[in-house]
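The following paragraphs lead the reader through one structure, beginning with a helix and moving on to the ligand and the loops. Please keep the sequence and the model in view while reading.

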Amino acid sequence: MNLQEYLTENRRTVDKALDEMLPAEDNEPTLLHQAMRYSVFAGGKRLRPILAMTAAEIVSGDGECVMPLAVALECIHTYSLIHDDLPAMDDDDVRRGKPTAHKVFGEAVAILAGDSLLTFAFGVLAGPGSIRIYRPDRLLATIGELAVAAGPEELIGGQFLDIMSENKPVEAQTVERIMLSKTAALISASLTCGARLAGGCEEEIRILGRYGKMLGSAFQMKDDLLDLEGDAAKLGKAVKKDHEHGKATYPKLLGKSKTKDMMRELIDLALDVIRPFGARAAILADIGRYVVERVH
Ligand code: GRG
């Protein structure tokens, strides 16, 4: 199967699981549930859930054994996008090609929809469906790891630093910290948690974690480049916003050309890291190459 077929098929599987697990729109309070579903189903590449499935497939041959994790990851990611788009943060009107949640539902509902997706994610992982199928030590470690990846040390901490660094002289150490915590931590945790829940050994989890940090960093560099060079229609969001906000990014620090060189070197190094998996990691390697070539 080629990469595009793999991504399309897995995206479909993820969307079906999200639809089955998320509360229905007519659940009370209906507006809150509508807002949760609106943002989740507004589009999106489903990269994090697919990475969890790919990791599970590498270590166990079964990608679909981690669907509760896949759903949780997309809910955490979507919450972070809803909150990031709020007027108090990046103040964006369009996301995933549609009006942002606060534009459609108002700020209060958007904040609560984001909060709901975050708590729902952990509820899915700690719920009866997961307890029945996963080994308790692996499940507990996964929940702990995700809480760190989504919390003040990583995702939220990275977002905090990102906001605090706006319009300030840009320093390499800050750019690196923002990239690793805001973006790479959740991408890396998608792989490590996927492997852990699927029964992977510590060495496999360690390798996937290293690859995930590099992949996540390259992903953020590409995101920053797309902000400068990308097509708003293809991206489904406004461009040049990071530039306007004076964000601390690699293109701002080094320029576009050096950022591109660094990003490609990083992906080459990342591909070396997963060589021990041999042919089992062919799709994961393709995802790495796709991340730096993508146009949205
Ligand atoms: C508000 C706690 C909090 C965190 C926000 C996700 C985020 C942190 C900010 C969004 C802006 C941004 C550039 C984040 C870096 C991560 C990133 C590139 C997110 C976009 O992810 P994609 O491209 O989005 O996977 P889709 O829509 O395809 O799921």
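Two residues are taken to be in contact when heavy atoms of theirs lie within 4.5 Å. The model discussed here is a predicted one.

Helix H3 offers a starting point. It comprises the 14 residues 47–60, for which a rise of 1.5 Å a residue leads one to expect a span of 20 Å; the C-alpha atoms at its ends are 20 Å apart, and the two values therefore agree. Is this helix enclosed or not by the rest of the structure? Since 12 of its 14 residues are buried, H3 is largely enclosed. The buried residues are Leu47, Arg48, Pro49, Ile50, Leu51, Ala52, Met53, Thr54, Ala55, Ala56, Ile58 and Val59. Their packing partners are helix H1 (3–21), H4, H10, H11 and helix H16 (282–293). Just beyond the end of H3, Gly61 adopts a positive phi of about 85°.

Arg48 leads from this helix to the ligand. Which residues come nearest to the ligand? Among the 19 residues around it, these are Lys45, Arg48, His77, Arg96 and Gln220. For three of these residues a polar distance can be given. The side chain of Lys45 places an N or O atom 2.6 Å from an oxygen atom of the ligand. For the side chain of Arg48, the corresponding distance from an N or O atom to a ligand oxygen is 2.8 Å. The side chain of His77 likewise has an N or O atom 2.8 Å from an oxygen atom of the ligand. Taken on its own, the ligand has 690 Å² of accessible area, and the protein covers 93% of it.

The shell around the ligand draws two or more residues from each of helix H4 (67–84), helix H9 (155–164), helix H10 (172–197) and helix H11 (202–229). H4 makes the largest contribution, with six residues. By character, the shell residues comprise five nonpolar, seven polar and seven charged.

H9, one of the elements that contribute to this shell, has buried residues of its own: Leu155, Gly157, Gly158, Gln159 and Asp162. The buried residues of H9 pack against H4, helix H8 (136–150) and H10. H4 and H10 are also among the elements against which the buried residues of H3 pack.

Two histidines may be considered next. His102 lies in helix H5, residues 101–105. With a relative accessibility of 8%, His102 falls under the 20% cut-off and therefore counts as buried. Apart from neighbours within four places in sequence, His102 is in contact with Asp85, Leu86, Pro87, Asp92, Glu107 and Ala110. His245, by contrast, is situated in the loop between helix H13 (241–244) and helix H14 (250–254). Its relative accessible area is 17%, so His245 is buried. A polar atom of the His245 side chain lies 3.3 Å from the backbone oxygen of Asp90. Asp90 also appears among the contacts of His245, which, with neighbours within four places in sequence left aside, are Asp90, Glu166 and Asn167.

Arg132 presents another setting. This residue belongs to helix H7, residues 128–133. Is Arg132 buried or exposed? Its relative accessibility of 69% is over the 50% cut-off, so Arg132 counts as exposed. Between Arg132 and Gly44 there are 30 Å from C-alpha to C-alpha, and the two residues are 88 places apart in sequence.

The backbone geometry of several loops completes the account. Most residues other than glycine have a negative phi, and most peptide bonds are trans. Against that background, the peptide bond from Glu28 to Pro29 is cis, with omega near -5°. Pro29 lies in the loop between H1 and helix H2 (30–40). Asp91, although not a glycine, has a positive phi of about 55°. This residue is placed in the loop between H4 and strand S1 (94–95), and its relative accessibility of 36% makes Asp91 partly exposed. Lys240 is likewise not a glycine and has a positive phi, of about 60°. The loop that holds Lys240 runs between helix H12 (232–235) and H13. With a relative accessible area of 40%, Lys240 is partly exposed.

Notes. Residues numbered from 1 in each chain as written. Predicted model: local features only at pLDDT ≥ 70, side-chain atom pairs only at ≥ 80, totals over all residues. Heavy atoms only, no water. Near = heavy atom within 4 Å. Polar contact = N/O pair within 3.5 Å; in protein donor to acceptor, adjacent residues only side chain to side chain. Areas by Shrake-Rupley, 256 points an atom, 1.4 Å probe, with all protein chains shown as cover. Helix = DSSP H or I, 4+ residues; strand = E, 2+ residues; numbered from the N terminus. Nonpolar A, V, L, I, M, F, W, Y, C, P; charged D, E, K, R; others polar. Expected span 1.5 Å × (residues − 1). Buried < 20%, exposed > 50% of the residue type's maximum accessible area, 1.4 Å probe, protein only.
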